[in-house]
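Got your viewer open and the cartoon view switched on? Let's take a walk through this one, one selection at a time.

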Amino acid sequence: MTIVGVGFASSAEARATDCESTIERAKAEAMKGDYRSDLKLLDSVVEQLKPWLDTEDCGYLANYWSGFALWRKAINTANLDRETGHLEQVLRKAIDNFEASVEKRPDFADGHAAIAGTTGWLQGFAQIETNERTTLAMNAWKHIGIASQLQPENPRVLWVKAGMLLSAPPQYGGDRTQALKIFETVADRSKKPLSSLGPDWGVPEALMSLSWAHLNADAPNTATAEQYALRALELQPHWYYVREILLPQIRDKASSQSETESGKASNPT
C-alpha cells in the first residue's frame, strides 16, 4: 500500500510540475503574441492549454491564459484591420475561459477584471439587442466591482476599470477625468517582472491607454500622446500596435495640426 501511495503521489506531483511548466511557457508566448500581434502564436497558446484546463491546482491559470490569448487575438485582429466577423465568437470563448477561471478560484481578481474587460470588447463586435447589451454592461461593472474589492491596487484591475470609465457615456458611469487619473496611477509604477505564473502586465498598457486617450481627446495633445507612447515602447520595444499603428497616428495628427496652424498664420483674418 505504501508503494502504491508513493507512486500515486509521484505521478500527481509530476503532472502538477508539467502543468506549471506548460503555463509558464504559455504565459510567455501569450504576452509575446499580444505585443507582437502574432495571431498564430496566440492560437497556439489556446491549443497548448487545452489538456490542462481541468487540472486541480493550476487549471484556473490555464483558463486565464487561454482566455487572455483569445482576448488579445480579438484586439490585435481589430488593430490590424483584419476580418472581424468572427470576433464575437472569439470573445465569447475568452469570457467562457475567464468565467471558468473564477469559478475554480472565486478570489482571483485578475479573472474578474478580465471578464469585465473582454465584455467591453464583446459589446463592440457582437450583433446583439439592446437588452443583451445592457445585461453585458451590468455584468462587466459587477465583475470589475468584485475585482476592485479583492485587489483594489492591482494594476490590471485598475487598467480595466479606467478603460470602462473612459469609454462609457457619463450617464452610464463614464468619467474621463477619473479614468486618466487611474491610468496615470498605474503608469507611474515601476515595472518589476515577477517570477509568477499569474498575470503581471499592466504598466505598459496604462501608458498606451494614456497615449491613445490624449490623441483621441476633443482637443488632441499629440506631444503628450507621443511621450506616453515612447514610454510604453521603452518597456515593450516590440509592441507592434504602439510602434506601427499608434505612433504613426500621433505623428500624422501632429503634422496635420501643424499644417492647420501654418495655414491660419499665413491667412490672418
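Start by selecting residues 203-215, which is helix H9. Twelve of its 13 residues are buried, so H9 is largely enclosed by the rest of the structure. Keep in mind as you look that this is a predicted model. Switch on the side chains and you can tick off the buried ones: Val203, Pro204, Glu205, Ala206, Leu207, Met208, Ser209, Leu210, Ser211, Ala213, His214 and Leu215.

Now try your viewer's distance tool on the two end C-alpha atoms of H9. They are 19 Å apart, which agrees with the 18 Å that 13 residues should span at 1.5 Å a residue.

**Stop at His214**

Stay in helix H9 and pick His214. Is His214 buried or exposed? Its relative accessibility is 16%, and buried means under 20%, so His214 counts as buried. Which residues is it in contact with, leaving aside neighbours within four places in sequence? Select Arg176, Pro220, Asn221, Thr224, Ala225 and Tyr228 to see them.

**Follow the contacts to H10**

Some of those partners lead you to the next stop, residues 222-235, or helix H10. Its buried residues include Thr224, Ala225 and Tyr228, and each of these three is also in contact with His214. Thr222, Ala229, Ala232 and Leu233 are buried in H10 as well.

Zoom in on the start of H10, where a side-chain oxygen of Asn221 comes within 3.4 Å of the backbone nitrogen of Ala223. Then check the length: H10 has 14 residues and reaches 20 Å from first C-alpha to last, close to the 20 Å expected.

**Over to H7**

Next, select residues 155-167 for helix H7. At its start, a side-chain oxygen of Asn154 reaches to within 2.8 Å of the backbone nitrogen of Arg156. Buried in H7 are Pro155, Arg156, Val157, Leu158, Trp159, Val160, Ala162, Met164 and Leu165. What covers them? The cover includes H3, H5, H6, H8 and our first stop, H9. The end C-alpha atoms of H7 are 18 Å apart, in agreement with the 18 Å its 13 residues should span.

**Look into the largest pocket**

Select Gly120, Trp121, Gly163, Met164 and Ser167 together: among the 37 residues that line the largest pocket, these lie nearest its centre. You have already met Met164 as one of the buried residues of H7. The space in this pocket comes to about 1300 Å³.

Colour the helices that build the lining. H3, H5, H6, H7, H9 and H11 each supply at least two residues. Which helix gives the largest share? That is H6, with seven residues. If you colour by residue class instead, the lining shows 22 nonpolar, eleven polar and four charged residues.

**Arg133, on H6**

While you're looking at helix H6, pick Arg133. With a relative accessibility of 29%, Arg133 counts as partly exposed. Beyond residues up to four places away in sequence, it touches Gln123, Gly124, Ala126 and Ile128. Look closely at Gln123, whose backbone oxygen lies 2.4 Å from a polar side-chain atom of Arg133. For another check with the distance tool, go from Arg133 to Gly120: they are 13 residues apart in sequence, and 9.7 Å apart C-alpha to C-alpha.

**Two loop residues with a twist**

Most residues other than glycine have a negative phi. The next two go the other way. First, click Ser37, in the loop between H1 and H2. Its phi is near 55 degrees, a positive value. Then click Asp81, in the loop between H3 and H4, with a positive phi of about 60 degrees.

Which of the two is buried and which is exposed? Ser37 is buried, with a relative accessible area of 12%, whereas Asp81 is exposed, at 70%.

**Zoom out**

Finally, select the whole protein chain. How many helices and strands does it have? Eleven helices and zero strands, so a trace from the N terminus on meets one α element after another. Of its 269 residues, 46% are buried. Counting contacts with a separation of 6 or more, 64% are between residues 24 or more positions apart.

Definitions and conventions. Residues are numbered from 1 along each chain as its sequence is written. This is a predicted model: local features need pLDDT of at least 70, side-chain atom pairs count only at pLDDT 80 or more; totals for chains, interfaces and linings use all residues. Side-chain values use heavy atoms; hydrogens and water are left out. On a 1 Å grid over the protein atoms alone, a cavity is a set of points where a 1.4 Å probe fits but cannot get out, and a pocket is an open set with protein on both sides within 12 Å along at least five of seven lines; lining residues have an atom within 4 Å of a point. Grid points are joined across faces, edges and corners, and a volume is the space filled by probe spheres set on the points. Helices (H or I, at least four residues) and strands (E, at least two) are DSSP runs, numbered from the N terminus. Ala, Val, Leu, Ile, Met, Phe, Trp, Tyr, Cys and Pro count as nonpolar, Asp, Glu, Lys and Arg as charged, and the others, Gly among them, as polar. The expected span of a helix is 1.5 Å times one less than its number of residues. Buried means under 20% relative accessible area, exposed over 50%, partly exposed in between (1.4 Å probe, protein chains only). Contact means heavy atoms within 4.5 Å. A polar contact is a pair of N or O atoms within 3.5 Å; within protein, one must be able to donate a hydrogen and the other to accept it, and residues adjacent in sequence count only if both atoms are side-chain atoms.
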